[in-house]
Amino acid sequence: MDGYLHSIESMGLVDGPGVRSVVFLSGCLLRCRYCHNPDTWKEGMGTRISPRQLVDKLRRFMPYYRSGGGVTFSGGEPLLQPEFLGEALRLARQAGIHTCIDTSGVGRAEDGQYREILANTSLVLYDVKHYLPDEYLKLTGMPMDETARFLQIAQEMQVPMWIRHVVVPGLTDGEEHLAGLRKFVDGLSCVERVELLPYHRLGVHKYETMKLAYSLADTPVMNPDVCAGLQKKYFAEYTAK
Ligand code: SF4
């Protein structure tokens, strides 16, 4: 059950609490219009590694994890390699490492595999692309059913969750939209935090290199201060103190 890694960031500070190793797994089924990592989309690419080899690597960083950090599995989409992910999470937790997954909830796994993954996950960073099915489809190219199934299981298992949402000018920055997002979040349990992330254009050059069309070519970046204002207005209770 080897996995395919796109890359590892050893001292991540933005993908979960504390200092973290961020393990980017290859493959993603979504095609989010704002994605800045199209180079992670293809499955079966990158470095092949076993769960044990990976966790042995992570152990070396344990002194840094004392800050309350640990490992975050990201991507691409980590749920696309459910067997590898499940075993890597199990071994990481066994080694005393705090475990987190950064996911859109769109994997390729049976309910039972999602349950095994979540049983060894301390925190889910759940990326809400959109809360309305039609808009979700337009933004990602996929129907909402798969992410809804994952969310349902995570809720049943009461796994702590941080919600993340990318705020794109003209697409997801409207007052009505954010009020709707707040309502959606209030309907969930175990949400500890909400992070509104301002849209940026740092990955646009990758589309050019890969000769892919970029549908947000005319969309400006999201002003971080305006985004922080929206965070305060709509999600003050869900913001890190
Ligand atoms: S889920 Fe993440 S990696 Fe996949 S297309 Fe969306 S932003 Fe890109």
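A residue counts as near a molecule if its C-beta atom, placed from the backbone, lies within 6 Å of it. Keep that cut-off at hand for the first exercise, and remember throughout that this is a predicted model.

**Exercise 1. The ligand shell**

Task: Find which residues surround the ligand, and work out how the shell divides into nonpolar, polar and charged.

Solution.
- Step 1. Applying the 6 Å cut-off, you collect Cys28, Leu30, Arg31, Cys32, Cys35, Asn37, Thr40, Gly75, Gly76, Glu77 and Ser104 around the ligand.
- Step 2. Sort them by type: the shell holds four nonpolar, five polar and two charged residues.
- Step 3. Now look at the backbone in one part of this shell. The peptide bond from glycine 75 to glycine 76 is cis, and its omega is near 15°. That is worth a second look, because most peptide bonds are trans.
- Step 4. Place the residue in the fold: glycine 76 sits in the loop between S4 and helix H3 (82–94).

**Exercise 2. The order of the sheet**

Task: Count the helices and strands of the protein, then give the order of the strands in the sheet.

Solution.
- Step 1. The count comes to nine helices and eight strands. The radius of gyration is 17 Å, close to the 18 Å that the globule rule gives for 241 residues, so the protein is as compact as a globular protein of that length.
- Step 2. Follow the pairing from strand to strand. Eight strands make an open sheet, ordered S3-S1-S2-S4-S5-S6-S7-S8, with mixed pairing.
- Step 3. Check the ends: strand S3 (47–49) and S8 are the edge strands, each pairing on one side only.
- Step 4. From one strand to the next, the twist averages 30°.

**Exercise 3. Strand S2 and its neighbours**

Task: Decide whether strand S2 (residues 20–25) is enclosed or open, and identify the strands that it pairs with.

Solution.
- Step 1. Use the burial cut-off: a residue is buried if 20 or more other C-beta atoms lie within 10 Å of its own. Six of the six residues of S2 pass, so the strand is largely enclosed by the rest of the structure.
- Step 2. Take the two faces in turn. Arg20, Val22 and Phe24 are buried on one side, and Ser21, Val23 and Leu25 are buried on the other.
- Step 3. Turn to strand S1 (residues 3–12), which runs antiparallel to S2 and is joined to it by five bridges. Here isoleucine 8 has valine 23 of S2 as its bridge partner.
- Step 4. Strand S4 (residues 70–74) is parallel to S2, again with five bridges between the two. Phenylalanine 24 is partnered by serine 74 in S4.
- Step 5. Go one strand further from S1: three bridges link it to S3 in the antiparallel sense, with leucine 5 partnered by threonine 47.

**Exercise 4. Strand S7 and a crossover**

Task: Describe the pairing of strand S7 with S6 and S8, and give the handedness of the crossover from S7 to S8.

Solution.
- Step 1. Six of the seven residues of S7 (residues 161–167) are buried, so this strand is largely enclosed too.
- Step 2. Strand S6 (residues 123–127) runs parallel to S7 over four bridges, and valine 124 stands opposite methionine 161.
- Step 3. S8 is also parallel to S7, through seven bridges. One pair to look for is valine 166 with leucine 197.
- Step 4. Trace the chain from S7 through H7 to S8: this β-α-β crossover is right-handed.

**Exercise 5. Two residues with positive phi**

Task: Compare the settings of cysteine 190 and lysine 211. Is each one exposed, partly exposed or buried?

Solution.
- Step 1. Start from the background: most residues other than glycine have a negative phi. Phi is near 70° in cysteine 190 and about 55° in lysine 211.
- Step 2. Locate them. Cysteine 190 lies in the loop between helix H7 (175–186) and strand S8 (191–198), while lysine 211 belongs to the loop between helix H8 (204–209) and helix H9 (224–235).
- Step 3. Count neighbours, with 12 or fewer meaning exposed. Cysteine 190 has 14 other C-beta atoms within 10 Å, so it is partly exposed. Lysine 211 has 6 C-beta neighbours inside 10 Å and therefore counts as exposed.

Methods. Residues are numbered from 1 along each chain as its sequence is written. This is a predicted model: local features need pLDDT of at least 70, side-chain atom pairs count only at pLDDT 80 or more; totals for chains, interfaces and linings use all residues. Two strands pair if DSSP finds at least two bridges between them. Ala, Val, Leu, Ile, Met, Phe, Trp, Tyr, Cys and Pro count as nonpolar, Asp, Glu, Lys and Arg as charged, and the others, Gly among them, as polar. A crossover is right-handed if, with the strands pointing away from the viewer, the path from the first strand over the helix to the second runs clockwise. Axes are lines fitted to C-alpha atoms, for helices over the stretch in contact, and angles run from 0 to 180 degrees between N-to-C directions. The radius of gyration is taken over C-alpha atoms; the globule rule is 2.2 Å times the number of residues to the power 0.38.
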